[in-house]
Amino acid sequence: MGDGCVGAVGQTSPPPRSRAAPSWRAAQGGRAVATGARRLSSRRFASSAGFVWSLLSAMRFCDAMHLSGSTNLPGNSSIFIGKYCFTFDPAQQVSSGKLNVTVWAPSLKPLQSVHLVMFDDEAESFPGPSGQWDALSCTERVRHAKHKVKLDHRKQKAGQLIRFNIKEHLRPRFWYIALADCSGSGLDLISYEVHAQNVPYGWASELSTDKRFAPVFYALFAVAYGVLAAAQGRASAVLASSKKGDNAKDKAAHPFAQILIAGIVLGLASTALSAMHFVRLAADGIGASAIARAVAQLLGGASRFVLAMLLLLVSEGKCISYVMVAADARRLARLLGPFLGACVLLEFWGEYSVSRRYTTDYVYTTPFGWAIIFVDLLLMLLYAAKLWQTHEIERDSTDGTFYRRWGIFYGAWFLALPIITVLSQLALAPYVWYIVSIGVMGTVDIVVYSALVIALWPGNTRTYFKLTSVWDLGLYMPEDLMERCEARRLPIAAVSGGASTSPPSSPPRRLPSLLGHTRRLPNILGGGGRCEKLSAAELP
């Protein structure tokens with residue numbers, strides 16, 4: 001009947017509590033009651049400040065299980081209070097993990113039947129939420145439990161401590177801890193503390209199996225981002241100190257280069273904070289503060305936002321076939337800003353929602369995660385449309401090769417998240433979904449950032465990227481004027497009788513010769529505000 005085995009190895013009264021009540025944690029079913037240094041009423045919890053605090057407080061739950069909380073327990077119902085993924089031992093020589101649960105239920109009556117119940121993710125126990133499960137009565141649900149312990153009303157004021165040894169011999173499994181009252185009376189308030197450990201993991205014993213390698217991955221990513229930040233900083237320093245003078249200094253301060261270094265630094269900060277969180281989590285089961293975790297996720301989302309903006313600029317031919325100005329970045333920031341905000345909120349909601357306590361899902365397999373994937377696909381379609389438009393204009397030029405080859409390479413970044421999520425659902429076990437996702441997504445981000453850093457490296461003569469400003473072309477006009485006119489679509493070659501004047505040689509041509517040339521400012525807005533294009537022969 002499955003491979004999971006659990007035993008209650010002892011029930012004792014816990015030591016005196018060091019605080020008045022456990023900190024707030026949400027629970028499924030009933031009305032969540034916030035407790036801590038003080039108890040908040042359910043009405044206060046419904047306020048926006050209470051919601052934000054509850055969201056931040058719940059952040060530490062999903063990575064380890066050293067939690068505490070309080071909830072109401074309605075009659076004839078069950079409430080999940082936590083989950084944890086325990087490792088396995090094929091030889092079953094040692095226990096896979098330990099689980100200690102302390103329960104306080106001062107209002108428990110002598111004849112009232114309330115149980116602490118344990119499920120695992122096997123089909124005959126609790127495979128996940130479903131209509132069939134919802135249709136079961138409280139008594140029928142308890143029958144599916146791998147183990148149950150009846151709460152003793154004599155121990156509820158001091159607290160009832162229940163210890164479990166978990167043994168698995170086939171594979172890691174998720175275990176769910178729940179409270180059930182099948183007597184119909186219910187409890188107004190029941191408090192709990194839960195501490196689970198994967199004993200074989202040694203220094204990382206506090207980590208759930210699905211998060212075991214998270215500290216290593218985030219540390220490696222932080223090192224990689226640090227190397228990229230140093231490399232791009234070095235490139236900017238080389239250009240700024242170049243003997244070529246102001247032109248090289250302008251390249252060091254080019255908007256594309258500045259956005260690139262900003263994205264890398266954001267990635268470095270996010271992965272460094274996440275690495276520190278998981279290292280601390282492995283040590284104490286609590287991890288970094290809720291605010292630090294929130295900041296790490298916001299920075300990570302911002303880094304991906306910056307990378308998406310850079311790739312959309314590439315799809316428009318900026319810094320390859322066309323001049324980029326700061327207004328281009330502002331335009332895309334306005335376009336992508338709402339998507340960034342929506343994705344960050346959805347990711348927070350999906351990762352820290354109450355349903356995470358009774359499913360094996362991770363953030364990208366929740367409905368909120370699928371919404372984020374849908375946004376990724378929309379951005380991919382936008383990238384493809386812009387790339388196709390640019391390629392149609394430049395297909396006969398030297399830069400046409402870039403759009404056919406590297407354009408597809410950069411565009412694959414938008415598909416990484418949808419592909420890895422679908423493959424995880426189809427081919428991978430739930431306990432590896434999280435680590436595979438962060439491993440693949442982090443690696444893809446770093447590879448694309450690395451490609452951009454190499455492309456902009458000083459002295460790289462094989463690159464298609466050119467950090468040229470409007471000043472290099474002798475167009476002394478405000479950038480907003482450049483953006484309003486069609487300068488963002490100045491062709492590579494001068495349009496003269498439909499023939500391209502671009503030389504067929506490689507490496508890529510210098511940007512001024514690729515752009516063709518425009519009239520001086522008094523004539524630029526002629527013809528209804530469009531930038532008129534002249535052949536290279538007409539340049540003074």
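1. In this predicted model, strand S5 and strand S8 (residues 173-181) form an antiparallel pair joined over 7 bridges. Within this pairing, leucine 116 has leucine 179 of S8 as its bridge partner.

2. Strand S5 also pairs with strand S6 (residues 147-150); the two run antiparallel and are joined by 4 bridges. Here histidine 115 stands opposite lysine 150 of S6.

3. The surroundings of S5 deserve a separate remark. Of the 7 residues of this strand (residues 114-120), 7 are buried, so S5 is largely enclosed by the rest of the structure. Both of its faces are covered. On one side Val114, Leu116, Met118 and Asp120 are buried, and on the other side His115, Val117 and Phe119 are buried. Leu116, the bridge partner of leucine 179, and His115, opposite lysine 150, thus belong to opposite faces of the strand.

4. Turning to the loops, asparagine 76 is not a glycine, yet its phi is positive, at about 55°. This residue is located in the loop between strand S2 (66-73) and strand S3 (77-86). Asparagine 76 counts as exposed because its relative accessibility is 52%, and the cut-off for that class is over 50%.

5. Cysteine 319, likewise not a glycine, has a positive phi of about 65°. The loop that holds cysteine 319 lies between helix H8 (290-315) and helix H9 (326-352). With a relative accessibility of 1%, cysteine 319 counts as buried, since that class covers values under 20%.

Definitions and conventions. Residues are numbered from 1 along each chain as its sequence is written. This is a predicted model: local features need pLDDT of at least 70, side-chain atom pairs count only at pLDDT 80 or more; totals for chains, interfaces and linings use all residues. Side-chain values use heavy atoms; hydrogens and water are left out. Buried means under 20% relative accessible area, exposed over 50%, partly exposed in between (1.4 Å probe, protein chains only). Two strands pair if DSSP finds at least two bridges between them.
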